[in-house]
Amino acid sequence: MADLTEKQMDKRERAKERREKRRQEISLLRSIPYSEHQRWWSAETIAVVTGANRGIGFEIAHQLALQGVTVVLTSREIAVGEESAKVLQEGGLKVVFHQLDVLDQESIDTFCAWIKENYGGIDILINNAGFNHNVGSENSVEFAEKVIKTNYNGTKNMVKAAIPLMKPNAAGARIVNVSSRLGRLNGRKNRISDDALRQKLEDADSISEELIDATINKFLEQAKDGSWTDGGWPQNNTDYSLSKVAVNAYTRLVARELADRPEGEKIFINCYCPGWVKTAMTGWAGQVTPEEGADTAIWLSLLPDMRISGKFFAERREIHF
């Protein structure tokens with residue numbers, strides 16, 4: 001037993017060392033500026049970041065603006081969004097604010113009309129707006145509907161609204177969905193136990209919006225009647241994990257639908273896990289700074305010679321769904 005515990009501790013230590021090494025590598029990569037021939041973007045490039053008044057969203061908006069992109073910072077609440085944009089504007093960055101509620105179709109339509117009138121369209125969309133009620137080891141499903149609607153339906157609403165607005169671009173327009181490793185289909189500790197359902201959600205060629213929605217709706221019905229604990233759903237942060245399973249699946253579905261667009265009109269869509277970030281959503285208990293958590297979103301948004309779509313990333317590396 002003592003040997004087993006020692007082995008587990010050694011394994012954890014090695015994993016910790018690997019994480020730290022990767023953090024240092026990325027820190028070095030972040031310090032290297034993009035060369036002129038890599039910069040496919042300019043001040044005319046328009047990036048929209050949802051839920052950007054604080055946390056990872058704010059840092060994504062900040063870092064994109066530092067790269068010379070014009071950023072439209074959005075949030076549901078006007079006062080906090082305006083204040084966040086002002087902080088970045090005072091630093092000399094090209095950031096504007098517009099109210100956006102990703103669950104309100106009227107708000108989305110108003111926003112899209114404003115974008116079209118003022119900028120002609122979008123080059124980069126970062127779907128960051130999200131919600132999680134549980135902290136630490138809590139696993140309540142009391143707010144499951146809000147968690148899933150915000151994280152999955154909100155992302156889906158914005159992808160559908162943004163695709164007609166994505167501007168033609170030789171480098172390709174970009175959509176980045178903020179997700180989580182908790183939504184991995186084949187995570188060792190936290191996954192859907194129904195093998196047949198997992199395989200369906202894993203099959204990028206046959207996955208459908210109907211399948212994703214039916215999976216989510218089945219869980220929500222069970223959350224309401226109390227039978228969800230026997231439903232074979234992820235055991236950790238169940239509602240949040242499933243919302244991210246849905247985001248990941250939807251990312252792959254949309255990538256497939258967009259794959260045949262002609263050169264010059266390509267749209268690349270990917271998702272990524274920022275890690276356990278020190279933000280209000282994690283009760284400030286995370287291990288990763290917002291700057292580190294935002295990094296892969298910036299990398300995917302600005303990557304020169306982009307040809308990757310429908311993939312899942314963490315720390316600038318592709319990971320399994």
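Q: Tyr250 first. Buried or exposed?
A: Tyr250 is buried, with a relative accessible area of 4%. Keep in mind that this is a predicted model.

Q: And Tyr152, what is its relative accessibility?
A: Tyr152 has 1% relative accessibility, so it counts as buried. The cut-off for buried is under 20% relative accessible area.

Q: How many aromatic pairs does the structure hold?
A: There are eight aromatic pairs. Tyr152 and Tyr250 make up one of them: the ring centres are 6.2 Å apart. Their planes sit at 80°, so this pair is edge-to-face. Planes over 60 degrees apart get that label.

Q: Where do Tyr152 and Tyr250 lie?
A: Tyr152 is in helix α5, residues 144-162. Tyr250 is in helix α8, residues 238-258. The two parts are 98 residues apart in sequence, so the pair ties them together.

Q: What about the rings of Phe219 and Trp233?
A: Their centres are 5.7 Å apart. The planes are at 75°, so that pair is edge-to-face as well.

Q: Which parts of the chain does that pair link?
A: Phe219 belongs to helix α7, residues 209-225. Trp233 sits in the loop between α7 and α8. The two residues are 14 apart, and the pair links distant parts of the chain.

Q: Phe219 and Trp233, buried or exposed?
A: Phe219 is buried, and Trp233 is too.

Q: Which residues form an aromatic cluster?
A: Tyr34, Trp40 and Trp41 form one.

Q: Changing topic. How many helices and strands?
A: The protein has nine helices and eight strands.

Q: What is the radius of gyration?
A: The protein has 20 Å. A compact globule of 321 residues would have a value near 20 Å, so the two agree.

Q: What does the C-alpha trace span?
A: About 60 × 40 × 40 Å along the principal axes.

Q: How many of the residues count as buried?
A: Of the 321 residues, 49% count as buried.

Q: And the accessible surface? What does it come to?
A: The total is about 16,000 Å². Carbon and sulfur atoms account for 49% of that surface.

Q: What about contacts between residues far apart in sequence?
A: Take the contacts with a separation of 6 or more. Residues 24 or more positions apart account for 71% of them.

Q: Last one, charges. How many positive and negative?
A: The protein carries 42 positive and 45 negative charges. The mean positions of the two sets are 5 Å apart.

Definitions and conventions. Residues numbered from 1 in each chain as written. Predicted model: local features only at pLDDT ≥ 70, side-chain atom pairs only at ≥ 80, totals over all residues. Heavy atoms only, no water. Helix = DSSP H or I, 4+ residues; strand = E, 2+ residues; numbered from the N terminus. Rg over C-alpha atoms; globule rule 2.2 N^0.38 Å. Buried < 20%, exposed > 50% of the residue type's maximum accessible area, 1.4 Å probe, protein only. Contact = heavy atoms within 4.5 Å. Areas by Shrake-Rupley, 256 points an atom, 1.4 Å probe, with all protein chains shown as cover. Lys, Arg positive; Asp, Glu negative; His and termini not counted. Charge placed at Lys NZ, Arg CZ, Asp CG, Glu CD. Phe/Tyr/Trp six-rings, centres within 6.5 Å; stacked < 30°, edge-to-face > 60°.
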